[in-house]
Amino acid sequence: MRSKTFRESYREDIRIFKTIWVKFWLVLFAVALLSLPLWADPYIIYMVNISGIAIIAAIGLNILTGLTGQISLGHSAFVALGAYTSAILASKMDMPFWLTIPAGGVVAAFFGILLGFPCLRLKGLYLAMATMSFGVVVEYGITHWESLTMGVRGISVPAPTIFGYTLGDPSKLFYVTVFFVTFLTLAAKNLARTRIGRAFVAIRDRDVAAEVIGINLTKYKVMAFAISSFYGGVAGGLYSYSTTYLHPENFTLLLSIEYIAMIIVGGLGSILGSIFGAVFLTAMPDIIKGFADFMGRQFIFLHGRYDEEWNIAAFGLLIMIFLIVEPTGLNGIWSRVKTSFKNWPFTY
Amino acid sequence: MTEGALYFLQLVISGIAVGSLYALVALGFVLIYKATDIMNFAHGEAMMVGAFICYALVVAGIPFLWAVLITTGIAMFFGLVTERLVLRPMIGEPQFAVVMVTIGLSIFLRSISGIIFGHDNKIFPSQLSDQTLVFKGLVLSYTHLWAMLISGLMVILFFLFFRYSRVGLAMRGVANDQDTAMLMGISVKRVFALTWGISFAIAAVAGIFLANVMVLNIAICLVAIKAFPAVILGGLESIPGAIIGGLVIGVLETLVGGYLDQTLPGVKDLTAFVVLFLVLMIRPYGLFGKKEIERV
């Protein structure tokens, strides 16, 4: 059993890296991750990129939905706004990626504030409806404002360059993604333990009580919308560079539901949970495909029955199963396992 | 009548026809919301599943009316199972979680149906005449006339059911306050199960009807998304509200489509959502909904 976990002050209690061992494992993980392009398969690197983008978007949604309790069915709209902003800035104005990606975030955040103000009065399913209709409106906008977004023809994004050095290759874009993921994850982790994060949680638990103890609801709710959509926008910007081609069909209601599935499966209100959920659901189509191939080889009549549709069905199923059986998500399972190992042999 | 006025009237009439379809779907939302305080995002999928089952039965050679009856039975059973497996464990959970569960259910049902029934359009062996009614230059198809009739009939049935039957009263009681309803000797679980069973059965009927009017494919559940604005506009627990909301959305949509589609292509499909957003901003409880008062 591990000792010296006794904490003497509040400062120690809210520390991000609680023990030296956490730091140790994190460094080890960072080394393994950063050396990934040297030894891993290009497909794995591509998957890590995609998961990284999903992590950023999921953390954003988790700040709004998990921490602040404001349910949003319009997260894909912010991702779309970020993606199109950076794509347009990069392709029409030749701006470098380190400007266009944050610009995507800022534009998304601006729209987040625009949406946040009218949504102040709404809660629960009314808020879900309002954000859903916002998503539909944005989808309409990017489909039909053809002079700017190229509509259904899609817009192609030039490869990012820095100091005349092209980063188009997934194994080079990898470092850009990792940088943004690390930075934004740390920022979110820090945010969650400051006054702002505590205010968000207070609003989630009981908005009236939060207001009584002096939390400005307007300010913090709009702030949650802004931060969440900023994350979505940055994820969108990275997405545009990663896929190099944007089409309105990539940003439908289904994408919002995918993000919701990520944070529910990972764990609502937990940053680590968002990471778990995003990685798990990004890898899931491949898991299903592998399983389907395996089953197809075992049973002839199942051969070739795999369909993209199974992935969507799995999203739905996972949302239901986790909400019913394990509302704390993968993060809850993880911390339970961890605790039981920590306290071994005195587990109970 | 001048050309312009005739065009306008024709748009209004087509709008009412489309709106009565929305109203039919909206009624299903209201039933569940009235009894269980849950907004069922999977309602459109329940309709789609019903329509597909009926289609399969009709193709298998069962006469249409029998097929409808059997479908209703299957749908009811399906509703009971759904309630038992998915919704019952969620009793007492926050509303957010319940909403998410129904969203999960909706995309699950949609994709499973896509796997089983495929994505191609199916022509339902239509039982409704495809003739049109012409009156002083205004055109209305018989199918839409049927939609209006059935919506009207449903409203009367619902009204009588909630007003005069014991079960309807129990449902209203449960919706109002679950604890108090339990104290009065109402089995909340039974009421929930019954509500879901009935609502799935009604959804199946509506779905069969929609499949007759439109083509039958997965996209049929998207009509339900158009019915959200209708219920929100009318007020979530109001039956007349659902009808009026459906009609208003239908008329607005056709008017916008008729006059603005030239300048802004596709804006028609956006109308309902803009209305939804505006209603939520101005009067979130809708035209006839009960205003929730929060005491601090």
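These notebook entries record what I looked up in a predicted model.

**Entry 1: chain B, overall**

I began with the secondary structure of chain B, which comes to 11 helices and two strands. I then read the order of the elements from the N terminus: α-α-α-α-β-β-α-α-α-α-α-α-α. The two strands therefore follow one another, after four helices and ahead of the remaining ones.

I next checked the dimensions. Along the principal axes, the C-alpha atoms of chain B fill a box of roughly 65 × 55 × 35 Å. The radius of gyration of chain B is 19 Å, and this agrees with the value near 19 Å for a compact globule of 296 residues.

I looked up burial and contacts as well. In chain B, 54% of the 296 residues count as buried. Of the contacts in chain B between residues at least 6 apart in sequence, 74% join residues at least 24 apart.

**Entry 2: chain B, surface and charge**

I noted an exposed area of about 13400 Å² for chain B, with carbon and sulfur atoms supplying 69% of it. I also noted the charged side chains of chain B, 17 positive and 15 negative. The centres of these two sets lie 9 Å apart.

**Entry 3: aromatic pairs**

I found 20 aromatic pairs over all chains of the structure. I followed two of them in chain B.

One of the pairs is formed by Phe29(B) and Phe228(B); it is tilted, at 5.0 Å centre to centre and with 40° between the planes. I asked which parts of the chain this pair links. Phe29(B) belongs to helix α1 (residues 3–36) and Phe228(B) to helix α9 (residues 222–234), so the partners are 199 residues apart. Phe29(B) has a relative accessible area of 1% and is buried. Phe228(B), at 3%, also counts as buried, because the cut-off for that class is under 20%.

I then took the pair of Phe52(B) and Phe117(B), which is stacked, with 4.4 Å centre to centre and 5° between the planes. Phe52(B) lies in helix α2 (residues 43–59) and Phe117(B) in helix α4 (residues 95–117), so this pair ties together parts of chain B that are 65 residues apart in sequence. I asked whether each ring residue is buried or partly exposed. Phe52(B) is buried, at 0% relative accessible area, whereas Phe117(B), at 24%, counts as partly exposed.

**Entry 4: residues of chain A**

I turned to chain A and recorded a cluster in which ring pairs link Tyr84(A), Tyr239(A) and Phe251(A).

I looked up Thr100(A) next and placed it in helix α6 (residues 97–116) of chain A. Its relative accessibility is 0%, so Thr100(A) counts as buried. I asked which residues Thr100(A) is in contact with, leaving aside its neighbours within four places in sequence. The residues are Ser86(A), Leu89(A), Ala90(A), Met95(A) and Tyr241(A).

Last, I examined the backbone at Thr244(A). Phi of Thr244(A) is near 60°, a positive value in a residue other than glycine. I located Thr244(A) in the loop between α12 (217–243) and β4 (245–246) of chain A. With a relative accessible area of 37%, Thr244(A) is partly exposed; I assigned this class because 37% lies between the cut-offs of 20% and 50%.

Definitions and conventions: Residues are numbered from 1 along each chain as its sequence is written. Chains are lettered from A and ligands numbered from 1 in the order in which they are written. This is a predicted model: local features need pLDDT of at least 70, side-chain atom pairs count only at pLDDT 80 or more; totals for chains, interfaces and linings use all residues. Side-chain values use heavy atoms; hydrogens and water are left out. The radius of gyration is taken over C-alpha atoms; the globule rule is 2.2 Å times the number of residues to the power 0.38. Buried means under 20% relative accessible area, exposed over 50%, partly exposed in between (1.4 Å probe, protein chains only). Contact means heavy atoms within 4.5 Å. Accessible areas come from the Shrake-Rupley method with a 1.4 Å probe; for residues, only the protein chains shown count as cover. Lys and Arg count as positive and Asp and Glu as negative; His and the chain ends are not counted. The place of a charge is taken as NZ of Lys, CZ of Arg, CG of Asp or CD of Glu. Rings of Phe, Tyr and Trp (its six-membered ring) pair if their centres lie within 6.5 Å; planes under 30 degrees apart count as stacked, over 60 as edge-to-face and the rest as tilted.
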